[in-house]
Amino acid sequence: MNIYEKLAGVTAELSAVAKNLNVNVGKGSYKAVGEADVLAAVKPLEQKYGIYSYPVKRQIIDKDVITTTSVYNGNTSEKSQFFMRLETVYRFVNTEKPDEYVDVTTYGDGIDNGDKAPGKAMTYSDKYALLKAYKIITGDDPDQQGSEERGFQRQSEAARRRAVGKCSDCGHVIADVGNWAAEQIAESTEKTYGVRLCWACATKRKKAAALEADAAALES
């Protein structure tokens, strides 16, 4: 069988997945299909038909800080959470002919007040790649009801940078570098040097400290 026939075979045998995940929202909760439920249903059939699936590529297409505003007894409070949106290319390979495969592109959002936003985004995109590729019925239809207004406000990039501040050495606004967010750079340099620095100035200080250590070693 080619990869399309194998995907069709899995689709024919796998019609629905039970909702075994309890999701708490405020004071209420609801049932949802978890990634573990999907994998438990898919893995035996992929083994049967000779399919191996995995995320072959991921790309961050958006990240920001989301501020949630709430009012209680006349007092307004704000809570900031990290937001990340990932694009995932999920590949389904014919194990009998490894050069034969199908790629499915999905997207996943993750929101968390700690460091779990990337993991949540990955889990969401991976789960929906499997759901859509095998046309799995879950009973969920996002078009059936509108999204609840939760007072989310996405900060602009300029506002986020103003919140981080400027470099103590050069005076420039501290910016993201690679996988390092501006907030992480500022907090890390503040712990190390006692002031907030941009990536370039922190690198200069690190090199200067290394040169001083070498010079001291030569003098001793």
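**Exercise 1. Find the volume of the second largest pocket, then describe its lining.**

Step 1. The volume of the second largest pocket is about 520 Å³. A pocket here is an open set of points on a 1 Å grid over the protein atoms alone, where a 1.4 Å probe fits, with protein on both sides within 12 Å along at least five of seven lines. Grid points are joined across faces, edges and corners, and the volume is the space filled by probe spheres set on the points.

Step 2. Lining residues have an atom within 4 Å of a point. The second largest pocket has 20 of them, and those closest to its centre are Phe82, Met84, Ala181, Glu183 and Gln184.

Before going on, a word on the model. This is a predicted model, in which local features need pLDDT of at least 70 and side-chain atom pairs count only at pLDDT 80 or more, while totals for chains, interfaces and linings use all residues. Residues are numbered from 1 along each chain as its sequence is written, and side-chain values use heavy atoms, with hydrogens and water left out.

Step 3. Now look at the elements around the second largest pocket. At least two lining residues each come from strand E3 (51-72), strand E4 (75-94), helix H3 (117-133) and helix H5 (182-193). E4 gives the most, with five residues. Helices (H or I, at least four residues) and strands (E, at least two) are DSSP runs, numbered from the N terminus.

Step 4. Sort the lining by type: nine residues are nonpolar, five polar and six charged. Nonpolar covers Ala, Val, Leu, Ile, Met, Phe, Trp, Tyr, Cys and Pro; charged covers Asp, Glu, Lys and Arg; the others, Gly among them, are polar.

**Exercise 2. Work out the surroundings of Asn94 in strand E4.**

Step 1. Is Asn94 buried or exposed? Asn94 counts as buried because its relative accessible area is 0%; buried means under 20%, exposed over 50%, and partly exposed in between (1.4 Å probe, protein chains only).

Step 2. Follow the side chain of Asn94. A polar contact of 2.6 Å connects it to the side chain of Lys6, and one of its polar atoms lies 3.0 Å from the backbone nitrogen of Glu96. A polar contact is a pair of N or O atoms within 3.5 Å; within protein, one must be able to donate a hydrogen and the other to accept it, and residues adjacent in sequence count only if both atoms are side-chain atoms.

Step 3. Leaving aside neighbours within four places in sequence, Asn94 is in contact (heavy atoms within 4.5 Å) with Met1, Asn2, Ile3, Lys6, Gly50 and Glu100.

**Exercise 3. Trace the salt bridges of Lys6 and Glu13.**

Step 1. The whole structure has eight salt bridges, each a side-chain nitrogen of Lys or Arg within 4 Å of a carboxyl oxygen of Asp or Glu.

Step 2. Lys6 pairs with Glu96, with the closest N and O atoms 3.2 Å apart. The partners are 90 residues apart: Lys6 sits in helix H1 (residues 3-13) and Glu96 in the loop between E4 and strand E5 (97-112). Lys6 is buried at 1% relative accessibility, whereas Glu96 is exposed at 58%.

Step 3. Glu13 and Lys48 meet at 2.6 Å, N to O. This pair links helix H1 to helix H2 (residues 35-49), 35 residues apart. Glu13 is partly exposed at 40%, and Lys48 is exposed at 55%.
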